[in-house]
Amino acid sequence: MTAQEIIQKFHLNKHPEGGYYKETYRSNGIIKNENLSDHFIEDRNYSTSIYFLLTSDTFSAFHKINQDEIWHFYLGTTLKLHMISPNGKYSFVLIGNNLAEEERPQFVVPAQYWFAAEVLEKNSFAFTGCTVAPGFDFKDFVLPKRKELIELFPNLEEIITKLTHA
């Protein structure tokens with residue numbers, strides 16, 4: 001299938017960070033705010049899950065959330081997931097199904113890490129899923145301007161410039 005066929009088949013919408021998504025699961029169970037860390041301001045569902053599709057002509061811009069986010073690879077080509085820890089350590093992981101080349105079909109981005117993604121192969125896409133617990137809410141989503149992130153991590157200006165919006 002092509003990226004456009006997947007977007008249509010699963011009714012994916014544009015995501016503010018880049019790419020396309022659709023929520024596929026939101027648990028009925030609720031975690032009360034008093035049982036969550038100080039990063040949360042309201043109750044959250046136990047867990048949520050989305051489909052996420054990224055094409056090679058764009059990127060998923062650096063952002064962070066209050067929860068761990070589990071990435072699952074489904075279809076397409078390798079996705080490079082870039083991360084910056086809260087103390088400024090940069091790392092990356094390749095998400096895909098070429099296990100001989102150290103790609104991982106599943107990976108967890110820790111809570112409070114800044115992360116971005118790009119598809120490495122030109123004219124291609126990566127179709128993935130993301131599971132978040134406690135459940136995702138856009139109140140937990142921080143999408144900084146390039147300048148803001150460079151001020152936090154000036155030594156990472158090159159990668160931040162590449163994977164943020166002005």
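Student: Is Y51 to be read as buried, exposed or partly exposed?

Tutor: The general idea is that a residue is called buried under 20% relative accessible area and exposed over 50%, with partly exposed in between. In this predicted model, Y51 has a relative accessible area of 24%, so it is partly exposed.

Student: How many aromatic pairs are there, and how is such a pair recognised?

Tutor: Rings of Phe, Tyr and Trp are taken as a pair if their centres lie within 6.5 Å, and a pair is called tilted when its planes are neither under 30 degrees nor over 60 degrees apart. By this rule the protein has ten aromatic pairs. One of them joins Y51 and F127, whose ring centres are 5.3 Å apart and whose planes make an angle of 40°, which is a tilted arrangement. Since Y51 belongs to strand β5 (residues 48-55) and F127 to strand β12 (residues 125-133), this pair ties together parts that are 76 residues apart in sequence.

Student: Is F127, the partner of Y51, buried or exposed?

Tutor: F127 counts as buried, with a relative accessibility of 6%, whereas Y51 is partly exposed at 24%.

Student: Which residues do ring pairs link into a cluster with Y51 and F127?

Tutor: The cluster linked by ring pairs consists of F10, Y51, Y74 and F127. Y74 has its place in strand β7 (residues 68-76), and with a relative accessible area of 40% it is partly exposed. If residues up to four places away in sequence are set aside, Y74 touches Y51, F127, T128 and G129. Y74 can also be compared with Q106, which is 32 residues away in sequence and 9.6 Å away in space, C-alpha to C-alpha.

Student: What does the protein look like as a whole, in helices, strands and overall extent?

Tutor: The protein has three helices and twelve strands, and its C-alpha trace spans about 45 × 40 × 30 Å along the principal axes. A compact globule of 166 residues would have a radius of gyration near 15 Å, and the 16 Å found for the protein agrees with that. Of the contacts in the protein with a separation of 6 or more, 73% are made by residues 24 or more positions apart.

Student: What share of the residues is buried, and what supplies the exposed area?

Tutor: Buried residues make up 48% of the 166 residues. The protein exposes about 9,000 Å², and carbon and sulfur atoms supply 50% of that area. As for charge, there are 16 positive and 21 negative side chains, and the centres of these two sets lie 3 Å apart.

Student: Where in the chain is there a buried residue that sits in a helix?

Tutor: L149 is such a case, for its place is in helix α2 and it counts as buried at 0% relative accessibility. Beyond its neighbours within four places in sequence, L149 is in contact with F62, W114, P144, I160 and T164. L149 and T161, which are twelve residues apart in sequence, have their C-alpha atoms 9.1 Å apart.

Student: Is a loop residue such as F141 buried or exposed?

Tutor: F141, in the loop between β12 and α2, counts as buried at 15% relative accessibility. Apart from residues up to four places away in sequence, F141 touches H15, P16, E17, H63, K64, I65 and F136. K32, by contrast, is 19 Å from F141, C-alpha to C-alpha, with their positions 109 residues apart in sequence.

Student: Which backbone features deserve a look in the loops?

Tutor: The peptide bond from A133 to P134 is cis, with omega near -10°, and P134 is found in the loop between β12 and α2 (146-152). Another feature to look for is a positive phi in a residue other than glycine, which E102 shows with a value of about 70°. E102 lies in the loop between β9 (90-95) and β10 (106-109), and at 63% relative accessibility it counts as exposed. N123 likewise has a positive phi, near 55°, without being a glycine. N123 is found in the loop between β11 (114-119) and β12, where it counts as exposed at 81% relative accessibility.

How values were computed: Residues numbered from 1 in each chain as written. Predicted model: local features only at pLDDT ≥ 70, side-chain atom pairs only at ≥ 80, totals over all residues. Heavy atoms only, no water. Helix = DSSP H or I, 4+ residues; strand = E, 2+ residues; numbered from the N terminus. Rg over C-alpha atoms; globule rule 2.2 N^0.38 Å. Buried < 20%, exposed > 50% of the residue type's maximum accessible area, 1.4 Å probe, protein only. Contact = heavy atoms within 4.5 Å. Areas by Shrake-Rupley, 256 points an atom, 1.4 Å probe, with all protein chains shown as cover. Lys, Arg positive; Asp, Glu negative; His and termini not counted. Charge placed at Lys NZ, Arg CZ, Asp CG, Glu CD. Phe/Tyr/Trp six-rings, centres within 6.5 Å; stacked < 30°, edge-to-face > 60°.
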